[in-house]
Each structure stands twice: as C-alpha cells, then as structure tokens.
Amino acid sequence: MTEPTTGQNLSAASPRSDTGNWAKPVRTLTTKDVPVGATDLNVTGRRLYGVSTGFGRLWQKSFSVRLEGAAVTPREVIQVWKERFGDFWPKGQRMFFPATGIAPGEVGLINAKPMPGVPSMATGILVIYADDESFSFMSPEGHPFAGTLTFSAMDEDGATVVKVDELTRASDPFWELMMMTPLVGARMQNDMWRKTLRNVATHFGVDGHVESRIVCVDGRRQWSQAKNIWQNAAIRSTFYLFGAPLRKLRPRR
Amino acid sequence: MAQQMTETSVRPVDNAASVIDILGEITAKSEPQLMEAYARASGTETRVVILNFARLDYMNSGGIGLLVTMLVRANRQKQRLCAYGLNEHYRQIFELTRLDEAIAIYDDEPAAVAGAKAS
C-alpha cells in the first residue's frame, strides 16, 4: 500500500546536478601550499569528525542577516565571501586557504584563540561542499566541534539574506565543558558568527541586524566518544608552543 | 536558483518497518516533506525506517543536515535508519560525511528489509 504522496510539482523541475559540488571522500586530511605565517598543526593525518563521532549535546544554530537595500545577488555575496572568508572573521581568528580558495576538497588552516588569555590554537577544516550560493565545512579530529557548518545566501522577498547554519556538537569533554562555561564557550562561538555576518553586511554597505535561532536537537552526550580528548587541538597546540625551545635545541639535518 | 522539488511516499513493510521513497532533491528546504514522511512512517511499533534514495537527483549540504536531524529523531525513538538505492556518488557523500557509520546502507530493498530484521 502506498500512502498519499507529499511534495511539490516535480514535473516543473529543471534538473540540476550536484556533481562537482562535493568533495571526494578522504581517509585523512592533507594540507598543501601552507601560506607563510600559518601554523600547520592538528590537520594533516586527521580524520573528519561527523556528528555521530562527536561528544557533546547536538546543537542546530542558524544566524542570518538581511542585506536590505543592497543591490547584490546571493551569488555575488557567496563569490565575495569565498574570496575573502578570513577577512570577515572577527579579530584574533585567522583562516588560511590555498590559492585555489574555497572549493570542494580544499583544506583550510585555522589559527585562532578559543578564548582570551589562552594560547593560539591550530586546527583546520575541509570544504565538503561548494556551489554558487553556498559552501560547507567539516572539521577534523581535535577541532572544538564535530559536524557541519554551512554558509549560504538566498533571495527572500526581494532582499538577499546571508546565513550561517551550524549542526554540531562539542568534540570532546574539554570542549563541552568550555561550551557550558558562562560568558565564554558557546557565547563566544555564537558571537563569532554574529560578528562575521555583521562584517559581511558592512562590506555590502548594510548595517544589518543578525537574527539567531539556537535549538538543542539532542541533549545526550556520547560518552563513547570521550576519548576524543586525546586529539584536542587546544591541548596539543599548547604542548607544541611550550615545546618550541626544545625543538630549537634539536640538531638540524 | 532552480525551484525546490522534493517528493516522498511512505510504504509500510510490516508493523516494525516502513519505507520512505524519496524523489527529486534533498536540500534544507525539503524539511517539511521529509519530516512529514518520517512522522507517517514512524508508528508506535516501528523499529526501522528505511530510506529509498533510488530516485534521488540532487542533494546539497543542507540535505545532509536534514538527514542528521532525522537520524537524531529516530535514535530518540529507539528506531534505526537504513538506506538503499544510493548510487556511487551519494555513497561517497555518505562516506565523506561519515553518515554511513550511523545509517546502514544496503544495495536494494530486500537486502535492507532483511538486514533491518536481522539486527
């Protein structure tokens, strides 16, 4: 027995293809053409984290800003955002991409301060998807979050709306604890995307108000993934920093 | 941008399993269709929901997010999600996003039904 079908009129569809928009599966990440000044750490050799391999509660977060009055199309916004992704991040956070930019399969390096007063953390992302109106990242082992981040732009009622959608959980108990800490953690993470969107809006001459929607879609913690803490990028970056004097003493080949 | 096109139908296999046939596209805009189909497929005795992707034409990263949300709902209700009909391209996407570790993938419907009952 087939129950009544739901949906829209498929007969009016113009076929489109997602071939070429997705990265190929990778067992582990590999960086290439590391830009001068970037720290390439906690990325090469790391597997990707999926939502099912993270630790903390699963959050669905959506941040959006409406570019009211700006004569710019969603495609133009995404083109600029891809080209200048790191420029729109708040101060203190740096993202490095190879010259090929944001494209499926490319690996980006992140050198960021997770919170004030702590050493800089090195991690990265893989561009898993990119088309003319959106692009998505997934993070490797050690990154604060497991899951996907999607950046998109669309036309809504005659104005271009720019969005950041996050479906992630903290990757290990350390990061889950950080996310629960008042005034830092989740608040800083959310403020980062709000600032990023405001910077994108400002670039297009709009003083935009960022709308937020934050929902916990799975309140359970995946204790079987607590072992992820061994890969924690902040802890490993700190050890790397304090190990710098010893590395200088090591004989050069 | 092309118009969003998603179509679903629901077929019960027996009291414990149902199939959701997915036609067209899965993007973030498919949420009403997919979640309504999941609600219809998910009875009080349902233990397995099988997704048929044989007629999937297009999926973006928003679509993957939707499948993750459906997976969380299924887990909450102590149900399993299975899939069949994925071509090589979509199998690779499941592998890339590690969804294949949470959603069992089968070649065809008989294998999915047998696998679901065996687990």
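**Close-up views of chains A and B**

Read along its sequence, chain B follows the pattern β-β-α-β-α-β-α-β-α. That makes 4 helices and 5 strands in chain B. Please keep in mind throughout that this is a predicted model.

**View 1. Chain B as a whole.** Let's start with the overall dimensions before zooming in. The C-alpha atoms of chain B fill a box of roughly 40 × 25 × 25 Å along the principal axes. A compact globule of 119 residues would have a radius of gyration near 14 Å, and chain B, with 13 Å, agrees with that. Of the 119 residues of chain B, 53% count as buried. Among the contacts in chain B with a separation of 6 or more, 69% are between residues 24 or more positions apart.

**View 2. Strand β2 of chain B and its partners on either hand of the pairing list.** Strand β2(B) covers residues 17-26, and 10 of its 10 residues are buried, so this strand is largely enclosed by the rest of the structure. Strand β1(B), residues 6-14, pairs with β2(B) in the antiparallel sense over 8 bridges. If you would like a landmark for this pairing, look for Thr8(B), which stands opposite Ile22(B) in β2(B). The link from β1(B) to β2(B) is a hairpin through 2 residues. Strand β3(B), residues 48-59, is joined to β2(B) by 9 bridges, and these two strands run parallel. Here the handy landmark is Ser18(B), whose bridge partner in β3(B) is Val49(B).

**View 3. The β-α-β unit of chain B.** Now bring helix α1(B), residues 31-41, into the picture. Together with β2(B) and β3(B), helix α1(B) makes a β-α-β unit, and this unit is right-handed. The two strands of the unit, β2(B) and β3(B), are the parallel pair with 9 bridges.

**View 4. Helix α3 of chain B and what covers it.** Helix α3(B) spans residues 88-96, and its buried residues include Ile93(B), Phe94(B) and Leu96(B). These residues cover an arc of only 165° around the axis, which puts them on the same side of α3(B). A helpful reminder for reading this view: an α-helix has 3.6 residues a turn, so residues three or four places apart point the same way. Which elements cover the buried residues of α3(B)? The cover includes β5 of chain A (121-130), along with β3 and β5 (104-106) of chain B. After α3(B) comes Arg98(B), with a positive phi near 65°.

**View 5. Strand β5 of chain A.** Next, cross over to chain A and the strand that helps cover α3(B). In β5(A), 10 of the 10 residues are buried, so β5(A) is largely enclosed by the rest of the structure. Strand β4(A), residues 107-112, runs antiparallel to β5(A), with 6 bridges joining them. To find this pairing, look for Asn111(A), whose bridge partner in β5(A) is Ala122(A). Strand β6(A), residues 134-138, also runs antiparallel to β5(A), and 4 bridges join these two. In this case Tyr129(A) has Ser136(A) in β6(A) as its bridge partner. A hairpin through 3 residues leads from β5(A) to β6(A).

**View 6. Confidence along chain A.** The average pLDDT of chain A is 87, and 91% of the residues score at least 70. Among the elements of chain A, helix α1(A), residues 74-83, has the highest mean pLDDT, at 95. The lowest mean pLDDT, 54, belongs to strand β1(A), residues 6-7.

Key: Residues numbered from 1 in each chain as written. Chains lettered and ligands numbered in written order. Predicted model: local features only at pLDDT ≥ 70, side-chain atom pairs only at ≥ 80, totals over all residues. Buried ≥ 20, exposed ≤ 12 C-beta atoms within 10 Å, placed from the backbone. Pairing = 2+ DSSP bridges. Right-handed = clockwise from strand over helix to strand, strands pointing away. Arc of directions from axis to C-beta. Contact = placed C-beta atoms within 7 Å. pLDDT = per-residue confidence, 0-100. Rg over C-alpha atoms; globule rule 2.2 N^0.38 Å.
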